[in-house]
Structure formats: structure tokens, C-alpha cells
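Biologist: Please take a close look at one part of this model for me. I would like to hear about the ligand site, and then a little about what lies elsewhere.

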Amino acid sequence: MQKIAIFASGSGSNAEQIATYFANSTTVEIALILSNNPQAGVIARARQLQIPVVLFDKKTFYNTSKITQILQNEQINLVVLAGFMMLIPEALVRAFPNKIINIHPALLPKFGGQGMYGHFVHEAVVAAQESESGVTIHFVNEHYDEGTIIFQATCPILPADTPADVAQKVQALEHKHYPAIIAKVLNS
Ligand code: GRF
């Protein structure tokens, strides 16, 4: 059995898609959902999906090895970030080399880096009058949005599109592609 841990800070729609995709798998299991945000929608989704939740605070994440130990004890094969808002500490990156992936709601290397998350990304894309946006799935290193790119998919942006329109198109791409790319990474 290959075991996945999902980190999420927000609504958790991607986490749910991933869990649903692997729900009947005999080879892949979502072992844990971890979050820094006790109010996050992902917590209720995890309960519904009957996936154990680990909640942690900033201090524990950055000043202790507790989270790394939990992942190691659970023998996690792949860490999946799905709307996780904190930078991954270097020690955790080193403990899981090329085993942490993230999805970013734009076509990196454009529109990435600190502060480029959620609606800020789509607002910046529209303000720059881009003709397309999309998703980027990449390995995670200790810098925001800078690891090796694994996969990108694009969607057109029409002149009348608002940031909310772009968000909707990008989210559809995320839900469509993230689970399948995770399966590919597990098999590679
Ligand atoms: C997604 O757009 C993801 O690309 C970004 O955060 C959002 C998470 O959405 N990093 P959700 O919590 O999975 O609904």
C-alpha cells in the first residue's frame, strides 16, 4: 500500500477530489490530512471522508520535528500539498526528497512566489491581460513555488473574464488533473 498525506489550509476541495479518486484503490491510501487551520473546511471534509486529521500550530511546524516524525511513523510515501498556506521547513523537505508535491493555480514561473495565492493569483493574471492561465503541479523545495515542474495544463482567458471566472476554470483543471498526476508520481 502506498500512503499519501495531504496538507491543506482551506476549503479542501482538492483534498476531497484526491480522496474520492483513490477511495476504492487497493494500492493507494490517503492516510492523513494535516492542517494548520482548525477552522478550515478541509477538516469537516476529512471527517466526512473518515480520514484521520492532524492539526498543528506554527511553532510545532517550524520549531520541532513532530510533523516529520508523524509522517515517518505513518510510512508516508508521498506528501501532497493542496491549498496549504505555509512554507515547508527545510528539514521536512530533506526528510522527503522529491516526495512532496504542490499544485499552484497559475502557469509557473509566472504568478508565483510569496503572496501569490488564492484570488491574488487570478487578479494578477487578469490585470496582466494574459490570454491563458492554468495549473502547475511541481515538486516542493524550501522556496515558494520553485521546485521542478511535473505537469501544466492551460485554459483560455477571454477579454471579459473576471478573476472569479478564471478561478472557476483553473479549479476545474485542478480537480481534473491533480489526482491522476499524483497516481503517476506514485508509479514513477
Ligand atoms: C487551489 O487553488 C490550489 O491551487 C491553491 O489553493 C487552492 C485550494 O483550494 N494552492 P481547495 O482548498 O482545494 O478548495
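Modeller: What follows covers the ligand site, then a strand pair and a surface patch. Keep in mind that this is a predicted model.

Start with the residues around the ligand. They are G10, S11, G12, S13, N14, G83, I103, P105 and E174. Three of the contacts can be described atom by atom. S11 uses its backbone: an N or O atom there lies 3.3 Å from a ligand oxygen. S13 uses its side chain, where a polar atom sits 2.6 Å from an oxygen atom of the ligand. E174 also uses its side chain, with an N or O atom 2.4 Å from a ligand oxygen. How much of the ligand does the protein bury? Taken alone, the ligand exposes 370 Å², and the protein buries 81% of that.

Now the strands. Strand β1 covers residues 2-7 and runs parallel to β2. The two are joined by 6 bridges. One pairing to look for is I4 with its bridge partner I30 in β2. Strand β2 itself spans residues 28-35 and is mostly covered. Of its 8 residues, 7 are buried.

Last, the surface. M85, Y117 and F120 make a nonpolar patch of about 270 Å². M85 belongs to the loop between β4 (78-81) and α5 (90-95). Why can M85 count towards a patch? Patch residues need over 30% relative accessible area. M85 is partly exposed at 37%, so it passes that cut-off.

Terms used
Residues numbered from 1 in each chain as written. Predicted model: local features only at pLDDT ≥ 70, side-chain atom pairs only at ≥ 80, totals over all residues. Heavy atoms only, no water. Patch = residues over 30% accessible without salt bridge, like charges linked within 9 Å, V, L, I, M, F, W, Y side chains within 5 Å. Areas by Shrake-Rupley, 256 points an atom, 1.4 Å probe, with all protein chains shown as cover. Salt bridge = Lys/Arg side-chain N within 4 Å of Asp/Glu carboxyl O. Helix = DSSP H or I, 4+ residues; strand = E, 2+ residues; numbered from the N terminus. Buried < 20%, exposed > 50% of the residue type's maximum accessible area, 1.4 Å probe, protein only. Near = heavy atom within 4 Å. Polar contact = N/O pair within 3.5 Å; in protein donor to acceptor, adjacent residues only side chain to side chain. Pairing = 2+ DSSP bridges.
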